[in-house]
Amino acid sequence: MTAASNQWHVGLIGYGEVGKILAEDLRKDGVRVSAYDVKLSDSRGDAMRSHADGIGVTLTASHAELAAQADFIVSAVTASQDVAVAEACATAIKPGAWFLDFNSASPGAKQRAAALIDGAGGRYVEGAVMTSVPPYRIKVPLLLGGAGARELAPLLNDLGFAAKPASDKLGVASATKMCRSIMIKGLEAMVIESFTTARAYGVEDAVLASLKETFPGIDWEKQGAYFFQRVIEHGRRRAEEVREVAETVRDIGLTPWSAEGTAERQAWVADLADDGLFGERGTKEFARSPDWRTEADRIINKIKSKE
């Protein structure tokens, strides 16, 4: 493919938070963008259609329709759909088209996805997003892995990404991401469990003071609010990611007790969010409380109502 990357037709699979951010930043630079999301088939797609219309993104009717058009595909879906998306795109991918797997999936899942894309004539590269996307937007730190990582990195950076090759070996970048997630997603789950329990016993001020003394570099009030916000809004996706983390741990022969517990806590919060405990999804107030105590009190009251 000889065209400069800013002349590519970019295809986004998944038009959630990450997909929309990438679309906005690419469109600001005049890059042609198409997108597909399975939610477009029902009422959940109304907001997606409105957003796409507003910034000039073309929505397609299927994975295959998008793959047949795009020079560069970004798969940004939930971890459980990682291989399924690669399989769906492989039926129609253009010869030589790049496929960037942005998903938080295990090295094994990435290798299965790569076999599908490469086997169909595409060029698969794994991407490991190394921190939360919203603060950095398209410039979120991104590790690339696979045979095409070194070639793709400068092309992505010309598009505005902040990518660097991690390894020519597939699975290294995703393993880095998975091991990081044991800590980050686990810390989120532990903060929600610790802070909510402390609030129920009325000892939250003492707990926070102790944490501040032990870890003085962290603003635990601010961090606590942020963790509650992110898990309430994205706990389902996080739970799927951490189940992939558990598989990564299990693949080396280690029992993933911490990862499995983290996945359960993230999914539990997601269930509460889906039941409306924290307000209505899609509103400006949802998952945006500046005080974690507001959300902890909702959880505590929910628990007490079942006693």
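Select helix α5 (residues 107–119) in this predicted model. Helix α5 lies across two strands, β5 (98–101) and β6 (123–129), and runs at about 150° to β6.

**The sheet**

Extend the selection from β5 and β6 to the whole sheet, which is open and holds 8 strands with mixed pairing. The order to follow across it is β3-β2-β1-β4-β5-β6-β7-β8. At the edges stand β3 (58–59) and β8 (162–167); each has a single partner strand, so one side of each is left without a neighbour in the sheet. In general, the strands of a sheet pair through backbone hydrogen bonds, in either a parallel or an antiparallel manner.

Next, isolate strand β1 (residues 9–13) and strand β4 (residues 72–75), which run parallel and are joined by 4 bridges. Within this pair, display L12 and V74: L12 stands opposite V74 in β4.

**A153 in helix α7**

Move to helix α7 (residues 149–158) and pick A153. Is A153 buried or exposed? Its relative accessibility is 5%, below the 20% limit, so A153 counts as buried. Show the neighbours as well: leaving aside residues up to four places away in sequence, A153 touches L144, A163 and P165. A distance label between the C-alpha atoms of A153 and P165 should read 6.4 Å, although 12 residues separate the two in sequence.

**The second largest pocket**

Now turn to the second largest pocket, whose volume is about 200 Å³. Of the 13 residues lining this pocket, T196, T197, A200, I300 and I303 are the closest to its centre. To see the surrounding elements, colour α8 (172–201), α11 (257–274) and α12 (292–305), which each give two or more residues to the lining. Which of the elements gives the most? That is α8, with 6 residues. Colouring the lining by class shows 7 nonpolar, 2 polar and 4 charged residues.

**Two residues with positive phi**

The tour ends with backbone torsions. Most residues other than glycine have a negative phi. Select R137, in the loop between α6 (133–136) and β7 (141–145). Phi of R137 is near 60°, a positive value in a residue other than glycine. With a relative accessible area of 26%, R137 is partly exposed.

Then select A287, located in the loop between α11 and α12. A287 is not a glycine either, yet has a positive phi of about 55°. Where R137 is partly exposed, A287 counts as buried, at 0% relative accessibility.

Technical notes: Residues are numbered from 1 along each chain as its sequence is written. This is a predicted model: local features need pLDDT of at least 70, side-chain atom pairs count only at pLDDT 80 or more; totals for chains, interfaces and linings use all residues. Side-chain values use heavy atoms; hydrogens and water are left out. Two strands pair if DSSP finds at least two bridges between them. Contact means heavy atoms within 4.5 Å. Axes are lines fitted to C-alpha atoms, for helices over the stretch in contact, and angles run from 0 to 180 degrees between N-to-C directions. Buried means under 20% relative accessible area, exposed over 50%, partly exposed in between (1.4 Å probe, protein chains only). On a 1 Å grid over the protein atoms alone, a cavity is a set of points where a 1.4 Å probe fits but cannot get out, and a pocket is an open set with protein on both sides within 12 Å along at least five of seven lines; lining residues have an atom within 4 Å of a point. Grid points are joined across faces, edges and corners, and a volume is the space filled by probe spheres set on the points. Ala, Val, Leu, Ile, Met, Phe, Trp, Tyr, Cys and Pro count as nonpolar, Asp, Glu, Lys and Arg as charged, and the others, Gly among them, as polar.
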